[in-house]
Amino acid sequence: MNINELIKKIENPGLYEKGTSQMWTDDHISKLLLDVHLNKEIDLASRKESTIDSTINWILSKTGKEKLNILDLGCGPGLYTEKLAAKGHTVTGVDFSKHSIEYARSEAEKKSLNINYINENYLNLNLEENQFDLVIMIFTDFGVLLPDERKCLINIIDNVLKPDGRLIFDAMNDKNLEDKIAPKNWEVTESGFWKDQPYIGLSESFFYKENKVVLFQHIIIDQNDNTEIYRFWTHFFSDNDLRNELKGYSFKSLSFFDDVLPAGDTWSGDNVTFCVAEKLKSNTN
Ligand SMILES: C[S@@+](CC[C@H](N)C(=O)[O-])C[C@H]1O[C@@H](n2cnc3c(N)ncnc32)[C@H](O)[C@@H]1O
């Protein structure tokens, strides 16, 4: 192992420097993640089933219509899409994890639910304009996108929403921000979350105060000295920050709620803000 190389890698990375690897689409990790999503009792990858149920009811209460055409961005294995389709809504789910979408498609077939699943990066979505009443993006994924990616995604959402449609998403808010910085941690294992072979994992987080960003970084070194770097640039927002994110698009009103989730760890309860953005009723108002 070249220790000098390693030291360079673990030095404070420049803002938004990309890692080398993507967690959600890695074959080994995404298989393990599917089990995590499907565990109904924990708030990891997906929230607990009871929270999903209450969140869906809350989301539907914020839309003014009976039967909706819904787009779920980053739908994972379809925990929200299925429940929404079972309530009679028309649903499309998008996710770039092949394992999650394959699982979601097979479950929909078993349950005779007609859900359109798209296995694609949502930043490259090219869907017909003005077709959805509601776009949702759940589990604070908005804040893991880099600023340019967020702009790209909001533009896509703005285009596919019908006039008077709603965008509803959740984001980590900036309350008690410094508590979110995770301590350094290392792992030596024969097989684990990051690889199904022996590896050393060095995990650390870095706080970029001015940008309200915490980088969660995991450096994984295998027995052949191959190094992979996973970086999660996690943004924290005030209501006003979210307002600025949505400025310049065709949303007429924004509301913010931090009482949607039950209290829990620092990633739930009132640490998470839900934003409801209503699109203008027509292109002229
Ligand atoms: C934290 S999980 C949440 C899944 C689901 N919304 C839920 O709460 O059950 C994030 C999901 O977003 C997907 N994802 C992340 N970035 C994506 C991208 N750029 N395009 C499509 N899917 C993405 C991941 O594969 C993963 O399934």
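Domain bounds here come from an automatic or database domain assignment. The model is a predicted one. In this assignment the chain is divided into domain 1, residues 3–24 + 177–234, and domain 2, residues 39–173 + 237–279. The C-alpha centres of domain 1 and domain 2 are 27 Å apart. Contact between them involves 7 residues of domain 1 and 7 residues of domain 2. On the side of domain 1 that touches domain 2, the residues divide into 4 nonpolar, 1 polar and 2 charged.

**The sheet of 7 strands**

One open sheet has 7 strands in the order β3-β2-β1-β4-β5-β11-β10, and its pairing is mixed. Strands β3 (115–119) and β10 (251–257) each have a single partner strand, so they stand at the edges and one side of each is left without a neighbour in the sheet. From one strand to the next, the twist averages 15°.

Within this order, β5 and β11 are neighbours. Strand β5 covers residues 161–172 and strand β11 covers residues 272–279; the two pair in the antiparallel sense over 7 bridges. Here R166 stands opposite E278 in β11.

**The sheet of 4 strands**

A second open sheet has 4 strands, ordered β6-β7-β8-β9, with antiparallel pairing. Its edge strands are β6 and β9 (227–235), each of which pairs on one side only. Neighbouring strands of this sheet are turned against each other by 15° on average, with direction ignored.

Strand β6 (residues 185–189) runs antiparallel to strand β7 (residues 199–208), and 5 bridges join them. Two partner pairs can be named in this pairing: V188 has I200 in β7 as its bridge partner, and E187 has G201 in β7. On to the next strand, β7 pairs with β8 (residues 213–222) in the antiparallel sense over 10 bridges. Y208 stands opposite V213 in β8. The hairpin of β7 and β8 has 4 residues between the strands, and in this hairpin K212 takes a positive phi near 50°.

The table sets out the strand pairs described above, from both sheets.

| Strand pair | Sense | Bridges |
|---|---|---|
| β5 and β11 | antiparallel | 7 bridges |
| β6 and β7 | antiparallel | 5 bridges |
| β7 and β8 | antiparallel | 10 bridges |

**Helices α2 and α5**

Helix α2 spans residues 27–38 and helix α5 spans residues 98–110; their axes come within 8 Å and cross at roughly 50°. That angle makes α2 oblique to α5. In the contact, S30, K31, L34 and H37 of α2 meet H99, S100 and Y103 of α5. These contact residues divide into 2 nonpolar, 4 polar and 1 charged.

Helix α5 also lies across two strands, β2 (90–95) and β3, and runs at about 165° to β3. Strand β3 is one of the edge strands of the sheet of 7 strands, and β2 follows β3 in the strand order.

**The ligand**

Which residues are closest to the ligand? They are W24, S46, G74, G76 and F139, out of 18 residues that surround the ligand. The residues of this shell divide into 10 nonpolar, 6 polar and 2 charged. By the domain bounds, W24 belongs to domain 1, whereas S46, G74, G76 and F139 belong to domain 2.

Notes
Residues numbered from 1 in each chain as written. Predicted model: local features only at pLDDT ≥ 70, side-chain atom pairs only at ≥ 80, totals over all residues. Axes fitted to C-alpha atoms, helices over the stretch in contact; angles between N-to-C directions. Parallel < 35°, antiparallel > 145°, perpendicular 65-115°, else oblique. Nonpolar A, V, L, I, M, F, W, Y, C, P; charged D, E, K, R; others polar. Pairing = 2+ DSSP bridges. Near = placed C-beta within 6 Å.
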